[in-house]
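Work through the exercises below with the sequence and the 3D view side by side, and try each task before you read its solution.

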Amino acid sequence: MHKLDQIDLDILAALQADGRITNVALAKQVGLSATPCLERVKSLEAAGLITGYVARLSAQALGLGLTVFVQIAIERTSQSVFEAFREAVRAIPEIEECHMVAGGYDYLLKVRVPDMAAYRTFLGAVLSGIPGIRETHSYPVMEEVKDSGTLSLGHLQPQT
C-alpha cells in the first residue's frame with residue numbers, strides 16, 4: 001500500500017469533497033504551494049489511489065426516479081457462467097452497480113430506471129435475457145437515506 005502522510009490524506013479528502021477544486025485552492029487548503037501539491041496529486045493518481053474525476057448527477061432530475069436492488073441467484077456456480085453473467089451485466093446501462101456477494105445469492109445489482117413500469121420492462125426484456133439466472137428478488141427503494149459517494153478515510157493513519 002502507498003504510504004500516506006497527513007497532507008496526502010487531506011488532499012484525498014478535499015478532492016472527494018470537490019473534484020473540481022483548482023490546484024491553487026487545493027494547495028492552499030492543504031498547506032502546500034501549487035507545484036508540490038500538483039506533484040502529490042499526480043503521485044496519488046499514479047499509485048491508483050485516485051482513479052478518476054466525475055460529476056455527480058441527480059438521478060431524480062434526469063428522470064431516473066426509481067432505484068431497485070436486485071438479488072440474483074445463478075443456476076450453476078461455474079466460472080464460465082459467472083463470466084457470461086458479468087459480461088452481460090457490464091453492457092446494460094440501467095445497472096449502475098453489480099457486486100458478487102457471499103450468502104444466499106450470488107450477485108447484488110443496483111438498477112436505476114424512470115418508474116415501476118420501466119422496471120417491469122427491464123425485468124422482462126433485459127434481465128431475463130441474461131444467461132444463467134436462476135432466481136431474482138427485487139427491492140424497490142422507497143427512500144434514499146444516504147448516498148455520500150465518498151470513502152471514509154478515518155481508518156487511515158498518516159505515515160511519516
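**Exercise 1. The hairpin**

How many residues lie between β2 and β3 in the hairpin that they form, and which residue in the turn has a positive phi?

Solution. Before starting, note that this is a predicted model, in which local features need pLDDT of at least 70 and side-chain atom pairs count only at pLDDT 80 or more, while totals for chains, interfaces and linings use all residues. Residues are numbered from 1 along each chain as its sequence is written, and side-chain values use heavy atoms, with hydrogens and water left out.

Step 1: find the strands, which are DSSP runs of E with at least two residues, numbered from the N terminus, just as helices are runs of H or I with at least four residues. Strand β2 covers residues 95-100 and strand β3 covers residues 107-113, and the two run antiparallel with 5 bridges joining them; strands count as paired if DSSP finds at least two bridges between them. One of the bridge partners to look for is V111 in β3, which is matched with I95.

Step 2: look at the turn, where 6 residues lie between β2 and β3 and where G103 has a positive phi of about 130°.

**Exercise 2. The sheet**

State the order of the strands in the open sheet, and explain why β2 and β4 each have one side without a neighbour.

Solution. Step 1: the open sheet has 4 strands in the order β2-β3-β1-β4, with antiparallel pairing. Step 2: β2 and β4 (133-140) stand at the edges and have a single partner strand each, so one side of each has no neighbour in the sheet. Step 3: neighbouring strands are turned by 20° against each other on average, direction ignored, where the axes are lines fitted to C-alpha atoms and angles run from 0 to 180 degrees between N-to-C directions. Step 4: follow β1 to β4, which run antiparallel and are joined by 7 bridges, and find V70, whose bridge partner in β4 is S138.

**Exercise 3. Two residues compared**

Decide whether Q71 is buried or exposed, and then do likewise for H137.

Solution. Step 1: recall the cut-offs, by which buried means under 20% relative accessible area, exposed means over 50%, and partly exposed lies in between (1.4 Å probe, protein chains only). Step 2: Q71 sits in strand β1 (residues 66-74), and because its relative accessible area is 16%, Q71 is buried. Step 3: H137 is found in strand β4 and has 36% relative accessibility, so H137 counts as partly exposed.

Step 4: list the contacts, meaning heavy atoms within 4.5 Å. Leaving out residues up to four places away in sequence, Q71 touches Y105, Y107, L108, E135, T136, H137 and Y139, while H137, under that rule, touches F69, V70 and Q71.

Step 5: look for polar contacts, which are pairs of N or O atoms within 3.5 Å; within protein, one atom must be able to donate a hydrogen and the other to accept it, and residues adjacent in sequence count only if both atoms are side-chain atoms. The side chains of Q71 and Y139 make such a contact at 3.4 Å, and the side chains of H137 and E135 are joined by one of 2.8 Å.

**Exercise 4. A residue in a loop**

Locate G48 and classify its exposure.

Solution. Step 1: G48 lies in the loop between α3 (34-46) and β1. Step 2: the relative accessibility of G48 is 42%, so G48 counts as partly exposed. Step 3: from C-alpha to C-alpha, G48 and V113 are 32 Å apart in space, and they are 65 residues apart in sequence.
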